[in-house]
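Q: Please take a close look at a single part of this model, the second largest pocket, and then set it beside its surroundings. I'd enjoy one connected account.

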Amino acid sequence: MKNAAILTYGCQMNVNESAKIKKILKNMGYNITEDISKADAIFLNTCTVREGAAIQIYGKLADLKIIKEKRGTIIGITGCFAQEQGEELAKKFPIIDIVMGNQNIGKIPSAIEKIESGDFKHIIYTGEEDELPPRLDAEFDSKRTASIPITYGCNNFCTYCIVPYVRGRERSVPMAQILDEVKGFVEKDYKEIMLLGQNVNSYGNDLKTKENFATLLEEICKIEGEFLVRFVSPHPKDFGDDVIDVIAKNEKIARSLHIPVQAGSTKILELMNRKYTKEKYLKLVEKIKIKIPGVALTTDIIVGFPNENEEDFLDTLDIVDKVKFDIAFMFMYSSRKGTAAAKMDGQLDQEVKKERLKRLIDLQNQKSKETSIVYEGKIVRVLVDGPSKKNKEVLSGRTSTNKVVIFTGDKELEGTFVNVKINECRTWSLYGEIIN
Ligand code: SAH
Ligand code: SF4
Ligand code: F3S
């Protein structure tokens with residue numbers, strides 16, 4: 001039997017598309033392996049959001065060259081870096097057989113066939129980035145968590161961001177199709193449904209019907225069964241009261257919201273083309289906290305955007321201090337070719353970015369700890385993920401607020417909801433015991 005390996009970089013959208021690539025390769029008769037040295041086909045599903053992502057891929061390609069020389073492995077590059085680079089990538093690295101944007105992954109079988117025929121040097125499919133990709137089955141790593149893209153692409157053009165250039169314009173998946181998929185997953189006993197999009201709360205803007213993100217959430221919650229709905233990412237500028245109200249009245253929607261703030265200074269937010277001010281973001285958070293008690297918030301933050309001075313950076317620290325995010329994904333600004341910010345004056349030195357990132361991480365770590373401590377003595381409902389990765393003797397699960405909870409219990413409980421009393425709170429995990 002032939003083996004195939006898929007290495008995934010980047011965001012949840014790539015994780016979802018890797019699950020589809022996996023299914024396609026399985027249907028072709030490949031056995032999926034994590035051991036790339038034994039693979040007859042290897043797909044790198046790439047990201048290009050920051051410069052580091054590309055450097056990582058170059059490093060990996062050096063390893064793949066050795067494997068290809070030994071086994072004649074077919075090498076495919078999919079994802080945003082492949083979409084951005086196109087044919088150039090295959091020219092630079094002749095070991096690459098297939099270069100493919102992710103809206104084309106349905107063509108993997110024919111691309112492999114063409115390469116195997118020996119008549120083609122490379123297969124390059126990077127067109128159609130403004131089409132709605134065909135629906136494909138996925139093979140998720142988890143039997144409990146399924147993800148569904150609800151929009152593809154992005155229209156926001158935040159000035160630092162390359163995503164709109166590699167993922168095309170925003171296209172919404174018809175609501176009936178999303179509802180069918182959710183129903184299908186719930187029937188198959190999935191307990192957590194993750195809705196994906198670059199800006200989920202602009203869902204429906206391009207549809208001719210009145211459907212929007214709030215109505216989509218409402219319809220999903222009407223589906224019978226015990227499951228949780230999560231989504232990434234909403235944009236603060238589009239976070240309307242209708243969405244907040246639907247979340248507030250539906251316990252099926254997880255009490256954990258990822259609301260990327262990016263920066264605290266209104267001047268920087270404007271340069272980023274984010275279309276909200278520091279005050280508006282804080283007001284939004286305040287409203288959410290009042291209407292959805294106990295909600296946990298997570299965010300993305302960039303430090304060192306062009307023209308960010310110390311005062312601007314202090315605004316970012318101030319937001320982090322005031323909002324108290326459970327988790328923040330914190331990045332140094334990375335210049336991306338073709339974006340508006342790459343051409344701005346006032347680019348900052350790496351040292352300044354590093355120093356600010358460190359200060360930000362220090363503050364955020366304190367805040368994360370504060371968000372954990374409040375669980376002490378509480379009883380929480382936990383979706384059991386299975387044996388903990390670090391210690392197989394205990395179970396690991398997550399609350400609706402996405403806090404990791406560690407406790408002892410039968411492995412059979414995997415994929416069910418249990419009540420756990422929290423006895424100890426550490427920064428990244430809570431420890432407790434099952435109660436009935
Ligand atoms: N569409 C999503 C995610 C975009 S990419 C959203 O808007 O939230 C994920 C994160 O990467 C962004 O939220 C941002 O914080 C970060 N990012 C994007 N471009 C970047 C860049 N050029 N440099 C550093 N971080 C960047
Ligand atoms: Fe990038 Fe902004 Fe679109 Fe997110 S909303 S993908 S950060 S352009
Ligand atoms: Fe990266 Fe593309 Fe996602 S650039 S963050 S994999 S949309």
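**The second largest pocket and its surroundings**

A: Thirty residues line the second largest pocket, and those nearest its centre are Asp137, Ala138, Glu139, Phe140 and Phe185. (A pocket here is an open set of 1 Å grid points fitting a 1.4 Å probe, with protein on both sides within 12 Å along at least five of seven lines; lining residues have an atom within 4 Å of a point.) This is a predicted model, with local features needing pLDDT of at least 70, side-chain atom pairs counting only at pLDDT 80 or more, and totals for chains, interfaces and linings using all residues. Residues are numbered from 1 along each chain, chains are lettered from A and ligands numbered from 1 in written order, and side-chain values use heavy atoms without hydrogens or water.

The volume of this pocket is about 570 Å³. Three elements each supply at least two residues of its lining: helix H1 (12-27), strand E7 (145-149) and helix H7 (175-187). (Helices of at least four residues and strands of at least two are DSSP runs.) By class, the lining has 13 nonpolar, five polar and twelve charged residues.

Now for the ligand. The shell around ligand 1 has seven nonpolar, four polar and three charged residues. Of these 14 residues, Tyr160, Gln198, Gln262, Asp300 and Ser334 come nearest (a residue near the ligand has a heavy atom within 4 Å of it). Tyrosine 160 takes part through its backbone, where a polar atom is 3.0 Å from a nitrogen atom of ligand 1. Two side chains face oxygen atoms of the ligand: a polar atom of glutamine 262 lies 2.7 Å from one, and a polar atom of aspartate 300 lies 2.6 Å from one. On its own, ligand 1 has 540 Å² of accessible area, and the protein covers 89% of that. Strands E13 (296-303) and E14 (327-332) are the elements that give two or more residues to this shell.

Some loops are worth a visit too. Valine 232 and serine 233 are joined by a cis peptide bond, with omega about -15°; serine 233 sits in the loop between strand E11 (228-232) and H9. Arginine 255 is in the loop between helix H9 (241-249) and strand E12 (256-258), and it counts as buried because its relative accessibility is 8%, below the 20% cut-off. A polar atom of the arginine 255 side chain lies 3.1 Å from the backbone oxygen of alanine 248. Lysine 324, in the loop between helix H12 (310-323) and E14, has a positive phi near 60° without being a glycine.

Key. A polar contact is a pair of N or O atoms within 3.5 Å; within protein, one must be able to donate a hydrogen and the other to accept it, and residues adjacent in sequence count only if both atoms are side-chain atoms. Accessible areas come from the Shrake-Rupley method with a 1.4 Å probe; for residues, only the protein chains shown count as cover. Ala, Val, Leu, Ile, Met, Phe, Trp, Tyr, Cys and Pro count as nonpolar, Asp, Glu, Lys and Arg as charged, and the others, Gly among them, as polar. Grid points are joined across faces, edges and corners, and a volume is the space filled by probe spheres set on the points. Buried means under 20% relative accessible area, exposed over 50%, partly exposed in between (1.4 Å probe, protein chains only).
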